[in-house]
Amino acid sequence: MNQDEYFSVSAGLTINIELLPPSEQLPDEIAFSHEIPPLFRVASECTGLEDGVEQSLQKLTREDSKPLLDYLTAQNSKINLLLSYVLSQQDNPRHRHITETFGASQLTFFSAKAIPVGTNARVKLFLDKPSAAVYCYAKVTGSAAKGNKFEITLKYNRLQEDDRDLLIRAALYFQQKLLRQRAQQRTDTQ
C-alpha cells in the first residue's frame, strides 16, 4: 500500500518534534531500528501482546468467566496506566506540539515559526488508545502561514511497520469516537 493511501483524522496527540540540522543524515533502516529507545519498543510489544490476548478472551463465554474477565480487564487497565505514565516521561516540553491531524503516513501541527520544506525531524508520537508511543523520522512537506502561526505537514520517512499499524489503529479509534459523537448528536436533536 502506498503511504498516500492512509487517511488522517483531526485529533490532538502530544508529539515531540526535534528538527535535524541540514548536515545530519537520516539513519538507514538498520541504524534506525537500533536507535529506537527501549521504552518505545516495550510499549509497542505490550500493545501487540494485548491484541492477541483480547482475541483469545473474546472466545470465552461471558457468564462462565465473568470474574476472570473482570480481573484481567482491571489488570490490563493498571498496566496501561503505568505504561502511559512511563511513556509520558519521554515527552520533552521543549519539543512539544499538539497534532491537528495524524494518520499512518503523515501528521500536521502548528508552529510559531516556518520550517523549510525538506527539513528532516526526529518525531515522538504519544498515543492514548492504544497506550503506546511511536518513534520515527519525518520530512517537512508543507509549511503554510495560517494567521500568526504556520501549519506544518510532516510525512514519515522512517517508521516501523508495527508502529504504522499502531497509528492506523489509533486513527480508527478517533474516527469511531467521532462517528459515535455524531450519531449521539443526531439522536439528541430528534
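Helices are DSSP runs of H or I, at least four residues long, numbered from the N terminus. By that rule, L68 is found in helix α3, which covers residues 62-88. The model described here is predicted.

L68 also belongs to a surface feature. Together with Y71 and L72, L68 forms a nonpolar patch on the surface. The accessible area of the three residues together is about 290 Å². L68 has a relative accessible area of 44%. L68 is therefore partly exposed, as this value lies between the limits of 20% and 50%.

Helix α4 spans residues 161-189 and has 29 residues. At 1.5 Å a residue, a helix of this length should span 42 Å. The end C-alpha atoms of α4 are 42 Å apart, so the expected span and the model agree. Several residues of α4 are buried: D163, R164, L166, L167, A170, A171 and F174. R164 has a relative accessible area of 5%, which is under 20%, so R164 counts as buried. R164 also takes part in a salt bridge: its side chain meets that of E161, at 3.4 Å from N to O. Both residues lie in helix α4, 3 residues apart, about one turn of the helix. An α-helix has 3.6 residues a turn, so residues three or four places apart point the same way.

Salt bridges were also found elsewhere. The count comes to 7 in the structure. One of them joins D91 and R96, with the closest N and O atoms 2.8 Å apart. D91 has a relative accessibility of 17% and therefore counts as buried. R96, at 38%, is partly exposed. Another salt bridge links K146 to E151, the closest N and O atoms being 3.2 Å apart. Here K146 is partly exposed, with a relative accessible area of 42%. E151 counts as partly exposed too, at 21% relative accessibility. The cut-off for buried is under 20%, so the value of 21% places E151 in the partly exposed class. In addition, E18, E24, E35 and R122 are linked in a network of salt bridges.

Aromatic contacts were examined next. The structure holds 7 aromatic pairs. One of these is formed by F40 and F126. The ring centres are 6.4 Å apart, the planes meet at 50°, and the pair is tilted. This pair links distant parts of the chain, with the two positions 86 residues apart in numbering. F40 lies in helix α2 (residues 38-57), whereas F126 lies in strand β5 (residues 120-127). F40 has 2% relative accessibility and so counts as buried. F126 is buried as well, with a relative accessible area of 10%.

A second pair is formed by Y173 and F174. This pair is edge-to-face, with 5.6 Å from centre to centre and 75° between the planes. The partners fall on either side of the 20% limit. Y173, at 27% relative accessibility, counts as partly exposed. F174 has a relative accessible area of 19% and is therefore buried. F174 is also among the buried residues of α4.

Aromatic residues also group together beyond single pairs. F32, F40, F126, Y135 and Y137 form one aromatic cluster. The buried residues F40 and F126 are thus members of this cluster.

Conventions
Residues numbered from 1 in each chain as written. Predicted model: local features only at pLDDT ≥ 70, side-chain atom pairs only at ≥ 80, totals over all residues. Heavy atoms only, no water. Expected span 1.5 Å × (residues − 1). Buried < 20%, exposed > 50% of the residue type's maximum accessible area, 1.4 Å probe, protein only. Patch = residues over 30% accessible without salt bridge, like charges linked within 9 Å, V, L, I, M, F, W, Y side chains within 5 Å. Areas by Shrake-Rupley, 256 points an atom, 1.4 Å probe, with all protein chains shown as cover. Salt bridge = Lys/Arg side-chain N within 4 Å of Asp/Glu carboxyl O. Phe/Tyr/Trp six-rings, centres within 6.5 Å; stacked < 30°, edge-to-face > 60°.
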